[in-house]
Amino acid sequence: MDAGTAVASSEKPESSAAVSVPLAPAAMAKGEKARVTSGDKLMMKHPEPAFTKVPPQTHLDQKLSVCSKLCFAIGGAPNQVAGSATAFFLQIYLLDIAQIHPFQASMVLFVGKAWGAITDPIVGFFITKSKWTKIGRLMPWMVGCTPFMVVSYFYLWFVPPFTNERFIWYLGFYCLYQTLITCFHVPYSALTMFLSTDQRERDSATAYRMTVEVLGTLVGAAIQGQIVASAHTLKHCPHRNLTTGHLGNSSSGTEVIRSLTLSQDFLSHAKEVYMIAAGVIGGLFLVCTVVMFLGVKERDDPYAPKTDKAIPFHKGFILVMKHGSYLTLTAAFLFISVAIQLIQSNFVLFCTYAVELRDHFQNIVLTILMSAAVSIPFWQWFLEKFGKKTAAFCGITWIMPFTVMLVFIPNLIVAYVVAVSSGFSVAASLLLPWSMLPDVVDDFRLANRNSKGHEAIFYSLYAFFTKFAAGISLGVSTLCLQFAGYDTGACRQPTPVVYTLKLLIGAAPVACITTGLMILVVYPISEDVRLRNKLALEELRSQSITCKSLRADLSSA
């Protein structure tokens with residue numbers, strides 16, 4: 001029975017006794033007829049039951065307007081804007097602008113990401129304990145943390161006047177920012193399950209979300225890249241190179257002093273442009289959160305099985321971690337997200353020091369993200385036509401030969417070709433996991449029908465594993481640069497650093513993607529299983545509507 005049939009049949013109860021007297025699930029499975037009891041006869045005395053017209057809140061389809069989908073998608077854009085800026089520029093900012101030691105930079109990146117990962121299940125726990133309010137259960141989290149998140153983000157890009165404790169400054173504000181962004185992102189991700197009970201509507205909303213988030217990533221890279229591009233040019237390098245000469249006469253000494261002064265002026269300019277970019281992105285946070293708050297209505301699933309007693313968080317956690325399809329999906333995209341993170345975090349360094357494209361890196365980054373934004377609708381069509389698992393394999397494998405090509409053919413034209421091609425895979429890696437995760441939640445609901453309210457656990461644990469793995473990869477990659485002899489603030493890096501950057505852009509991501517796709521082979525939710533789950537959930541919800549209507553009829557009698 002589909003949603004339309006359930007509603008239509010409920011409007012004509014006199015045409016079939018099966019609607020007035022619903023079969024028990026066991027009887028329906030065996031094909032038995034319902035026996036009419038005395039209670040049933042009492043109900044059949046009322047020719048006009050109370051559910052001749054289904055109230056608006058009990059429609060199964062719960063169609064979403066384009067405006068609602070856009071407002072939902074816009075709400076996720078600031079996270080991607082800031083995430084793009086930190087992914088591409090935070091590492092080089094810590095090394096060349098804040099000028100902290102590479103080991104300290106690696107600790108900031110690793111500990112910050114690891115802390116963000118730890119806070120994911122903690123926030124998920126508190127969300128499951130949250131009560132419903134007039135604006136929902138998830139919306140208060142997102143609205144409440146946004147102002148504090150903006151402040152922490154700005155100070156992350158501020159260079160304090162002291163030098164010895166800068167490591168503590170950046171570690172503290174990065175951990176604070178990760179905590180607050182978790183308080184926003186976990187409920188926002190789980191909000192997908194509370195927009196509609198219809199899988200198509202959720203998939204459509206996810207496609208809107210991914211399109212806008214990729215555009216947000218594009219905007220973040222554009223804002224950050226175009227504003228701070230002047231902080232990574234070679235204009236100051238000729239003066240700095242004079243310091244390596246001999247100081248045999250006074251004129252040489254004067255040139256050295258002048259070069260140091262120019263270097264300090266250049267560094268002050270670099271600090272200023274990074275703060276301007278942080279202020280612009282912080283403003284976007286506030287605007288987009290207000291749009292989401294005004295345009296999105298959070299709905300509970302009124303037809304999901306109810307239980308008199310809520311299942312404790314730790315038992316729900318164990319149930320989620322025992323669900324095979326969830327573990328497979330998380331493990332596969334954990335490796336894939338690590339590969340994308342390695343490319344993002346090292347790409348600017350790679351263009352600056354390994355292939356002499358420092359004057360073009362911001363435009364290459366924009367090309368990657370523009371290609372990703374344009375290809376999101378294509379991948380949405382592809383996954384509906386050929387299935388999500390097939391889309392994952394076709395989309396994500398596309399990036400591997402092109403990253404290797406850029407390493408071995410460091411040419412500007414090749415770089416732009418690689419950028420366009422890589423954007424297709426970036427789009428698939430962003431869209432697919434968030435489109436497949438609701439299917440896993442639906443599969444879990446069918447397997448555990450008396451367990452409800454664990455959506456936040458799924459999303460928070462997924463974020464935990466991917467963030468933790470990304471933190472490890474960022475920390476290890478920065479440590480590799482230190483061991484290779486990275487020179488903070490230098491115009492050129494030694495040859496071992498160049499080789500290390502090529503490995504971090506080429507071989508390491510390919511190995512991670514290959515591992516992730518091998519795990520994805522055993523992902524059990526095919527298109528047939530997904531359709532079967534959808535029909536089963538619709539049947540459960542239609543039974544719940546009928547039972548509620550019968551109880552309302554009895555109470556009115």
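Select Leu90, Gln91, Leu94 and Leu95 in H5, then add Pro102, Ala105, Val108 and Leu109 in H6; these two sets meet. The contact is made up of 7 nonpolar residues and 1 polar residue, with no charged ones. The coordinates are a predicted model. Now show both helices in full: H5 covers residues 66-97 and H6 covers residues 102-128. Their axes lie 9 Å apart and the packing angle is about 145°. The handedness of this H5 and H6 crossing is right-handed.

Next, go to the loop between H5 and H6 and select Gln99. Its phi is positive, about 55°, although Gln99 is not a glycine. Is Gln99 buried or exposed? Gln99 falls in the intermediate class, partly exposed, because its relative accessible area is 39%.

From Gln99, move to Tyr93, which touches Gln99 and also Ala98. Other residues touched by Tyr93 are Leu156, Trp157, Phe158, Val159, Tyr170 and Tyr274, leaving aside residues up to four places away in sequence. Tyr93 and Phe333 are the residues with the most contacts inside the largest nonpolar core, which has 143 residues.

Stay on H5 and select Pro78, which lies in this helix. Pro78 has a relative accessible area of 1% and is therefore buried. Display Leu284, Phe285 and Cys288 as well: Pro78 touches these three, not counting residues up to four places away in sequence. A distance label between the C-alpha atoms of Pro78 and Cys288 should read 6.8 Å, for a pair 210 residues apart in sequence.

Gln80 is the next stop, also in H5. Which class does Gln80 belong to, buried or exposed? With 17% relative accessibility, Gln80 counts as buried, because the cut-off for that class is under 20%. Beyond residues up to four places away in sequence, Gln80 touches Glu213, Gly216 and Thr217.

Now return to the core and colour H13, residues 324-354. This helix gives the most to the largest nonpolar core, with 18 residues. Add H19, residues 495-505, whose axis comes within 9 Å of that of H13. The two axes cross at roughly 145°, and the crossing is left-handed. To see where H13 and H19 meet, select these residues:

- in H13: Leu342, Ile343, Asn346, Phe347, Leu349, Phe350, Tyr353 and Ala354;
- in H19: Val498, Leu501, Lys502, Leu504 and Ile505.

The residues of this contact of H13 with H19 divide into 11 nonpolar, 1 polar and 1 charged.

Select H8, residues 166-190. How far apart are its end C-alpha atoms? They are 36 Å apart, which agrees with the 36 Å that the 25 residues of H8 should span at 1.5 Å a residue. Colour H8 by accessibility: 20 of its 25 residues are buried, so the helix is largely enclosed by the rest of the structure.

Finally, zoom out to the whole protein. It has 21 helices and 0 strands. Of its 557 residues, 55% count as buried. Among contacts between residues at least 6 apart in sequence, 85% join residues at least 24 apart.

Note on methods
Residues are numbered from 1 along each chain as its sequence is written. This is a predicted model: local features need pLDDT of at least 70, side-chain atom pairs count only at pLDDT 80 or more; totals for chains, interfaces and linings use all residues. Side-chain values use heavy atoms; hydrogens and water are left out. Axes are lines fitted to C-alpha atoms, for helices over the stretch in contact, and angles run from 0 to 180 degrees between N-to-C directions. Helices (H or I, at least four residues) and strands (E, at least two) are DSSP runs, numbered from the N terminus. A crossing is left-handed if the near helix is turned anticlockwise from the far one by less than a right angle, and right-handed if clockwise. Contact means heavy atoms within 4.5 Å. Ala, Val, Leu, Ile, Met, Phe, Trp, Tyr, Cys and Pro count as nonpolar, Asp, Glu, Lys and Arg as charged, and the others, Gly among them, as polar. A nonpolar core is a set of buried Ala, Val, Leu, Ile, Met, Phe, Trp, Tyr and Cys residues joined through side-chain atoms within 4.5 Å. Buried means under 20% relative accessible area, exposed over 50%, partly exposed in between (1.4 Å probe, protein chains only). The expected span of a helix is 1.5 Å times one less than its number of residues.
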